[in-house]
Each structure stands twice: as C-alpha cells, then as structure tokens.
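Q: Please take me through this protein step by step, and explain how each descriptive word is justified.

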Amino acid sequence: MADPARPARPKVVVTRELPDAVMDRLAALFDADLNRLDTVMDRAALTAAMATCDVLVPTVTDSIDADLIAGAGERLKLIANYGAGVNHIDLPAARARRILVTNTPGVLSEDTADMTMALILGVPRRLAEGEKLVRSGAWTGWSPGGMLGHRIGGKALGIVGMGRIGSAVARRARAFGLTIHYHNRHRLPKMVEAELQAEYHPNLDELLGMADIVTLHTPRNADSENLIDARRIALMKPTAHLINASRGGILDEDALVAALEGGRLAGAGLDVWKHEPAIDPRLLALPNVVMLPHMGSATYEGRLAMGERVIANIRAWVDGHRPPDQVLEGWA
C-alpha cells in the first residue's frame, strides 16, 4: 500500500537524456520532467528543479553539493542517482535534510571489467599506437622490430580495490595468464581468494612495487583522493603500466605526466579524468597513453539496467519502503 504522505505520482526531474525505454517508463509511472535535449543542467536549472520536485534523478555530470541541497524545497525527499558512484552528491548534507540517496550498483560491473581488460591488453601491446599508424598511412609493412610491445601472460596484475568490478577483472585476467594480487580495505574470505587465485597485500605500497600492471577500482572519496600520487607512482617499476577506469581524482594526473615524460613508467590506460571532459594536453601528446571518453559502462544493456534500478528505487519509496539501493552511510 502506498504511503499517504508520499504522492502516488511524484514529480520526478531527470537531469540528462536516458535511453528511450527508460524515459518512456518514467513518463508513464511518474509526473516526469525529462531533459530530452541532453544538455548538462546548469546550477540555476538544478536549483529550480530541486525547489519543486519530489525526486531528482541526477548523473555523474551533476554536482549536487551542500548549498544546492540546503536550498532544496521541502518536497524533495529522494535523490535517485543514475549511476553507481555518488561522490558528486554531498551525502552528509542530504542526510541532514533527511533526503534519501540511492544509486545503481552492480549492473555495470561486468561492462566496466570488460573495458578494463581491454586497456590491460591494449596498453602493453600498443594497440592504440598501431591503429593510429595504420590510419596515418605511414605504415610501411611488417618488420621484425616493428611495434614491439609486451606480452601480459605471466605478468603480475595489482588490483587496487577488490569489490565487484575488481573481482570481475580478476576473473578475466586469470584467463590471460596474469597472476592476481590485490589490495583492499578488508581482506576477502579465503574461499573467494581461492576462487580468484588472488594474493592479498595489506600494504598498498608493497603491491605497487611488485606489480607489472596496476588497475584502480576504488570509489572516490576523501580517503582515496590522489591515492596514487607522485610518491606511490615512484614505487612502481619503470616497466609497469597503470590503468584507471574508476574515478579521475584517485590518480594524481600531474604526477602521472611527470612519470611518463621522464620514462619512469611504461604507459597508462585512462577512461576517467580528474577534470573531465577537460583533458591535460600533456597527456594528449604522449603516445604511450590509451585514452577513452569515460565509456567503461557504456553499453545499451547496462544503461537500460541502470534505468530499471532507478525506477525500482523510486517505486519502493513511493510505496513507503526503503529503496533497495539506498546509500546507507550515516542512516539508521
């Protein structure tokens, strides 16, 4: 039975254009204000939306900070984020206003792991460089020393953050002959370690020093901001490759550029950026960096699944239940 204190057809504002099937369902179920132009809502538009809606559906491109939340109308009771990461939402401010926050965990793990594995393969084997060479017309044919890269079989993969995505990467990497090493806030159960054939490293610095390829899979928060900084990059082998398909702020891009330009790191694969969509022009100039436009989770199937999770969270809230994907930090 619906909670009488909550509207049966709440006013829902969606900040970006989502897949048509998701938008159609939102429009059918709720009083939905849909952003069909897919332009990023500016601060004034977000302020106006949050003043009048019951539910806000933002994405990673929307910074929902404390001031916006403090100025929200009394109607706003749910921020149903379209995405797994919630570092762009001020959770303490939402909690202070008793505004629930939900996300869409799990549905993107396999897609992001696939893209991570593509970078793990592509960076050491110089796939992006080879593709550009062919397109440029400068390729003169096969030669014994042409476009030499590094095999990944037998190399040590260091996974920083062994949650859903990190574990999915580990399963893929084993099939390519990589040995699996990981660092996590909490050690996995021994049964899971045995399944993944993964070795735990309680000390992150030690993991970075021994790995041939390092891939980052931690959420971005106060503890992980610039987690991989100049000091930690200096611990890595000069032959190592660094992959980041997690969040841009986890990696100090200035330190990465300095290491790559100085030959103290062999290469990098990046799908996320600290100030995206702006990219440091120094990175653009480096041939040993594979750069992607934040497309790790960009599959039709994943985007539809995200929309269904958003809708399920809103419907549960309307019915007076705790949404299944409520971000529980600080909530009883």
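A: We can begin with the word contact, which means that heavy atoms lie within 4.5 Å. Among contacts in the protein between residues at least 6 apart in sequence, 60% join residues at least 24 apart. The model is a predicted one, in which local features need pLDDT of at least 70 and side-chain atom pairs count only at pLDDT 80 or more, while totals for chains, interfaces and linings use all residues. Residues are numbered from 1 along each chain as its sequence is written, and side-chain values use heavy atoms, with hydrogens and water left out.

Q: What makes a stretch of the chain a helix or a strand, and how many of each does the protein have?
A: Helices (H or I, at least four residues) and strands (E, at least two) are DSSP runs, numbered from the N terminus. By that rule the protein has 13 helices and 12 strands.

Q: How do you know whether the radius of gyration agrees with that of a compact globule?
A: The radius of gyration is taken over C-alpha atoms, and the globule rule is 2.2 Å times the number of residues to the power 0.38. For 332 residues a compact globule would come near 20 Å, and because the protein has 22 Å, the two agree. Taken along the principal axes, the box filled by the C-alpha atoms is roughly 70 × 50 × 30 Å.

Q: Why is H181 called buried?
A: Buried means under 20% relative accessible area, exposed means over 50%, and partly exposed lies in between (1.4 Å probe, protein chains only). H181 has 9% relative accessibility, and therefore it counts as buried. H181 belongs to strand β7, residues 179-183, and, leaving aside neighbours within four places in sequence, its contacts include A156, L157, E199 and M210. Over the whole protein, buried residues make up 48% of the 332 residues.

Q: What makes the pairing of H181 and T179 a polar contact?
A: A polar contact is a pair of N or O atoms within 3.5 Å; within protein, one must be able to donate a hydrogen and the other to accept it, and residues adjacent in sequence count only if both atoms are side-chain atoms. The side chains of H181 and T179 are joined at 3.3 Å, so the pair is a polar contact.

Q: Why is A93 in helix α4 called buried or exposed?
A: A93 lies in helix α4, residues 91-96, and because its relative accessible area is 14%, A93 is buried. Leaving aside neighbours within four places in sequence, A93 is in contact with A66 and I69. From A93 to N184 there are 91 residues in sequence and 28 Å in space, C-alpha to C-alpha.

Q: Which word fits R98, which fits M147, and why?
A: R98 has 53% relative accessibility and therefore counts as exposed, whereas M147, with a relative accessible area of 32%, is partly exposed. R98 sits in the loop between α4 and β5, and M147 in the loop between α6 and β6. R98 is not a glycine, although its phi is positive at about 60 degrees, and M147, likewise a residue other than glycine, has a positive phi near 50 degrees.

Q: How do you know whether helix α6 lies largely in the open?
A: Of the 10 residues of α6, the number buried is 1, so this helix lies largely in the open. Just after α6, G137 takes a positive phi of about 80 degrees.

Q: What covers the buried residues of helix α11?
A: The buried residues of α11, residues 253-261, are E253, A255, L256, V257, A259 and L260, and their cover includes α10, β10, β11, α12 and β12. At the start of α11, a side-chain oxygen of D252 comes to within 3.1 Å of the backbone nitrogen of D254. Just after α11, G263 has a positive phi of about 70 degrees.

Q: Why is E74 called exposed, and how far is it from L119?
A: E74 has 61% relative accessibility, and therefore E74 counts as exposed. E74 is placed in the loop between α3 and β4, and its C-alpha atom is separated by 45 Å from that of L119, which is 45 residues apart along the chain.
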